[in-house]
Each structure stands twice: as structure tokens, then as C-alpha cells.
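Q: I am new to this structure and would like a close look at a single part of it. Please set that part in the context of the whole before going into detail.

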Amino acid sequence: LSRTMAASLLKRWCAELPAAATAGAWERVFASGANWRDFLAFTWNIRTASGEDVFRTAADTWDKASPNSWALEGEPQVDRATGVETYAGWLRFNTKAGTARAHIRLDKEGRAHTLMTALDELHNGQSSIGASRPRGTQHGAVKGRRYPSDPLDEEDLNPYVAIIGGGQAGMALGARLGLVGVPYVILESNSRAGDSWRKRYPSLRLHDPARIPPKHVFHCNCECWLDASHGIRRESR
């Protein structure tokens, strides 16, 4: 019965959202003291809003993002851990820029107590994976072929995105932007990309990579918790 009620409340929240947004009546869909964490879907930033700031953030970003097609994804959950019954679930929706998802927790009145929204994929940013991945080496005579030693072109000199920091997060973000064809540059204060990891304090350890199946990487007798020196030795091979 509780899960049925949870599904009903979540679907009702999705249905009431457009009218509440049009009227600016955010108190109809957000509880007092609500928390909203957004990953790019609305704010194009990673931002947390709480309390009255939730209403202000919604008012400032809703029309620009144009969220639509809200729908429940999967089975809702009933949570009684805090002694107060709440109803949680995953939602899918679209914005003007792309597809997104949300995790929401409702109170008994059907208003959002916590909301997390995240942009999944850009509408015009299909990743170069699978059949559309780069072909790699081109054999034979290819007109207009570019080599790494060639001078930088205008796109290289005028990237769309500047990533501050060439650590693991910065390099991962650059790789992701490359997959969707967005020109980028990574700015790193150290002499080499990845030095922010190499120069970390000695006590820092990775999370148990030695338990990864041997066919992947760590098929030696390394310690269970690897530090920066292991990563450097691996890189130099």
C-alpha cells in the first residue's frame, strides 16, 4: 500500500509541476526547508539550494531550462529511517539542452523535501563511441590528414571550455568533452598532467583496485591499497 501511495504521489508531483512553475507557486511542489542539488541540468553548475533559495533558483532557471516530460523511472521507495515516512524515486525528464534525471524525496503532503537533478546527455552531443568512435590510423594517401606535429588550427586556439586543473577529474572531463566534439583546453599549474596525484601526501590510497579481476590491470602482488608510487610505476611501463 505504501509503495502504491509513493508511486501515486510521485506521479502527481510530476503532473502538478508545470502548473506550479507557470504560476510561480513553488510552495506547492517544494516543502519548507527543502534542499535541491543540481548538476548542470538547470544551473549549468554544481549547486546546492536550501530553503527559500530553492524557490529563487527555480524562478531563475526554470524558463531557461524548459524542463518537460517528467516521468517516474523504476520502483519508488518508502523510507522510514528517520521516523517520518517519506517517498523517494527516480525521475526522467528533458530540458532544452538535453536529457536528464532526478532523484526526489517527498513528504506525506506530496511536496519535495530533497531533489537532485543531473544532466545526462546533450541533445546535439552524441558521444563518439561504438560505431561512431574515431577510426584511428588512416592508411594510404589521405587528403587533408592532420598530424600531431601540425600547427594548431583556429579551433585548437579558441576552445569552448577551459578546464582548471589536470588531475584525474580534469582529464576525465576533457575526455568526455572530446567524445561529444567540444573543443577544450586543460590548464595545469604543475609540469605534467596528473602531477596533482603524483605529488599527493603519502598516506593517500586508492580504493582497493587490487580486487579488480586480473585481466584488467593489477595482476601483480601489489598491496591491496595502492598509493601514488604504484600509479607512477604502472604509467612508466
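A: The protein exposes about 15,400 Å², of which carbon and sulfur atoms supply 54%, the areas coming from the Shrake-Rupley method with a 1.4 Å probe, where for residues only the protein chains shown count as cover. This is a predicted model, in which local features need pLDDT of at least 70 and side-chain atom pairs count only at pLDDT 80 or more, while totals for chains, interfaces and linings use all residues. Residues are numbered from 1 along each chain as its sequence is written, and side-chain values use heavy atoms, with hydrogens and water left out.

The protein has 6 helices and 8 strands, these being DSSP runs numbered from the N terminus (H or I, at least four residues, for helices; E, at least two, for strands). The part chosen here is helix α1, residues 2-23, whose 22 residues reach 31 Å from the first C-alpha to the last. That is close to the 32 Å expected at 1.5 Å a residue, taken as 1.5 Å times one less than the number of residues. Even so, α1 bends by about 35° at Glu16, with a proline, Pro18, following within four residues; the bend is the angle between axes fitted to the seven residues ending there and the seven starting there.

Among the residues of α1 that are buried (under 20% relative accessible area, 1.4 Å probe, protein chains only) are Leu10, Trp13, Cys14 and Leu17. An α-helix has 3.6 residues a turn, so residues three or four places apart point the same way. The buried residues of α1 pack against α2 (52-65) and against strands β3 (68-79), β4 (86-94), β5 (98-106) and β6 (112-122), and just after α1, Gly24 takes a positive phi of about 70°.

Definitions and conventions. Buried means under 20% relative accessible area, exposed over 50%, partly exposed in between (1.4 Å probe, protein chains only). Contact means heavy atoms within 4.5 Å.
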